[in-house]
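Thanks for coming. I will go through one model, contact by contact, and keep it short.

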Amino acid sequence: MGQLSINGNRLWDRLDELAQIGAIPETIGSSRLALTKEDGRARDLVVSWMKDLEMDVTVDGIGNVVGVWHGPKTDTALRPVMTGSHIDTVRSGGRFDGNLGVLAGLEVVQTITEMGVSSRHPIAVGFFTGEEGARFAPDMLGSLVYVGALDLETALNTVGVDGEVLGDELERIGYAGRAMCPGVIPEAFIELHIEQGPVLETEGITIGAVESVQGISWTEITIEGQSNHAGTTPMSMRRDAGYVAGEISTHVRQIANQIGGTQVGTVGKIDLHPNLVNVVASKASMTVDLRNTSEMILRESESYLATFCEEISEKENVTISSKSLARFEPVEFDNKLIETISSTADNLGFSNRRMTSGAGHDAQILARVCPSAMIFVPSKGGLSHNPEEYTSLEEVSAGANVLLHAILNVAGECS
Ligand code: HGY
Ligand code: MN
Ligand code: MN
């Protein structure tokens, strides 16, 4: 164990090259919302790297891309051991979120090829369409279609926050593939990802063996009031959608503070209409992201929000409607795989701890069809979904080496 090691500098250089696509000026981050032309160019680059590694590359109907590698001793009838993540980013994205998991997978394949190592199972590296859900909700949309949990037609007809239709955008960037959905069920799925939180850095630990992912609830709330003159309308006569959106946003924070523990609540998006300085807003559309490690408490937080909306719609004489954009219960990963990750980190001499994920990931969706788990590496300052997101070369290399040996452990290393 340990004689095989990835080439950290090569991985680092690929992360840098990929980050240049959609680069955010004066930062190290990238902006590559799903199915934009930047996403298309990034896909082309990663596919070219897969082909350089002589992987069999397939693109499915929702644009998920999977490269499969087999060595001289591989039994191609066996299910592949799969790794990967996503290369789409949020608008203010970092270079590591998702990208690390995909490029570390390619680095694993290149390392075992160069070292003349083979594996009994094929090894697959994938990137899933629209993991972030920031343009086309829900998040993990591509992996949901991959495992058969979301119907392809429904997914293709998804309308984005910009009014574009997902299927049209997929055609436009040339990634409306022909491979079947649902995709090939892997033997196992292991995803390397940055933690995107403060735990590992605070505790000075290099590797996270992720045991679970917390529950996620995304709701779009629409508030309809009445536009009116900002100067002449007495406060008692207002039906102010802007004010109500602000109250709901404040209440989301109060719910999180009142519940405490792992509860989080975020209002990340508010659009007002007509959005003018001297007009009482007639309409507001906003999103609420609630999360908790406990399904029961997450439901509680959702009902607090619903009750507040009912009360304030009455009080402010506005109409409030809501639509679920995404809803995932907490997910537990596979114990045997988690143990493999922990013991691999131990054998490689990396400090490690068990932990849960605050962010959603494709691995939680693959967990519906095969044993699945994740490896975390630290995020500087716990920062993510921010162009200054950072993980060091040493930490990136440590994570990729744990991924290398964990994959070979499951795939059956043979020389
Ligand atoms: O929202 C999430 O947790 C992930 O970044 N899609
Ligand atoms: Mn991610
Ligand atoms: Mn993300």
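I start with a rule: rings of Phe, Tyr and Trp (for Trp, its six-membered ring) pair if their centres lie within 6.5 Å, and planes under 30 degrees apart count as stacked, over 60 as edge-to-face and the rest as tilted. By that rule, ring pairs join Trp12, Phe96 and Tyr390 in a cluster.

Some housekeeping. This is a predicted model, in which local features need pLDDT of at least 70 and side-chain atom pairs count only at pLDDT 80 or more, while totals for chains, interfaces and linings use all residues. Residues are numbered from 1 along each chain as its sequence is written, chains are lettered from A and ligands numbered from 1 in the order in which they are written, and side-chain values use heavy atoms, with hydrogens and water left out.

Back to the rings. The count is five aromatic pairs. In one of them, tryptophan 12 and phenylalanine 96, the ring centres are 5.8 Å apart and the planes are at 45°, so this pair is tilted. The pair links distant parts of the chain: tryptophan 12 is in helix α1 (residues 8-19), and phenylalanine 96 is in the loop between β3 (81-85) and α3 (99-114), 84 residues apart. Helices here are DSSP runs (H or I, at least four residues), as are strands (E, at least two), numbered from the N terminus.

For exposure, buried means under 20% relative accessible area, exposed over 50%, and partly exposed in between, with a 1.4 Å probe and protein chains only. Tryptophan 12, at 21%, is partly exposed, whereas phenylalanine 96, at 1%, is buried.

A tilted pair is also formed by phenylalanine 128 and phenylalanine 189, with 6.1 Å centre to centre and 55° between the planes. Phenylalanine 128 sits in the loop between β5 (123-127) and α4 (141-146), phenylalanine 189 in strand β6 (residues 188-194), 61 residues apart. Phenylalanine 128 is buried at 1%, and phenylalanine 189 is buried at 0%.

Next, charges over rings. The criterion is NZ of Lys or CZ of Arg within 6 Å of the ring centre and within 35 degrees of the ring normal. Arginine 14 lies over the face of tryptophan 49, 5.2 Å from the ring centre. Arginine 43 does so over tyrosine 175, at 5.0 Å.

Now the metals. Which residues coordinate the manganese ion, ligand 2? They are His86 (NE2), Asp97 (OD) and His193 (NE2), at 2.1 to 2.3 Å. Donors are N, O and S atoms within 2.8 Å of the metal (3.2 Å for Na, K and Ca), and water is not among the atoms, so sites may look incomplete. The spacing of these donor residues in sequence is H-x10-D-x95-H. Aspartate 97 coordinates both this ion and the manganese ion that is ligand 3, and the two ions are 3.5 Å apart. Aspartate 97 is in the loop between β3 and α3 and histidine 193 in strand β6, 96 residues apart. Both of these residues are buried.

On to salt bridges, defined as a side-chain nitrogen of Lys or Arg within 4 Å of a carboxyl oxygen of Asp or Glu. The whole structure has 18 of them.

Aspartate 162 and arginine 135 form one, at 2.8 Å, N to O. Aspartate 162 lies in the loop between α5 (152-156) and α6 (166-172), and arginine 135 in the loop between β5 and α4, so the bridge ties together parts that are 27 residues apart in sequence. Aspartate 162 is partly exposed at 42%; arginine 135 is buried at 5%.

Arginine 299 and glutamate 295 meet at 2.7 Å. They lie in helix α9 (residues 295-316), four residues apart, about one turn of the helix. Both belong to a salt-bridge network with Glu302, Arg327 and Glu329.

Arginine 354 bridges to glutamate 211, with the closest N and O atoms 3.4 Å apart. Arginine 354 is in strand β15 (residues 352-357) and glutamate 211 in strand β7 (residues 207-213), so parts 143 residues apart in sequence are tied together.

That brings me to β7. Strands pair if DSSP finds at least two bridges between them. β7 runs parallel to β15, with six bridges, and pairs antiparallel with strand β16 (residues 372-377) over three. How is β7 placed, mostly covered or mostly open? Mostly covered: six of its seven residues are buried.
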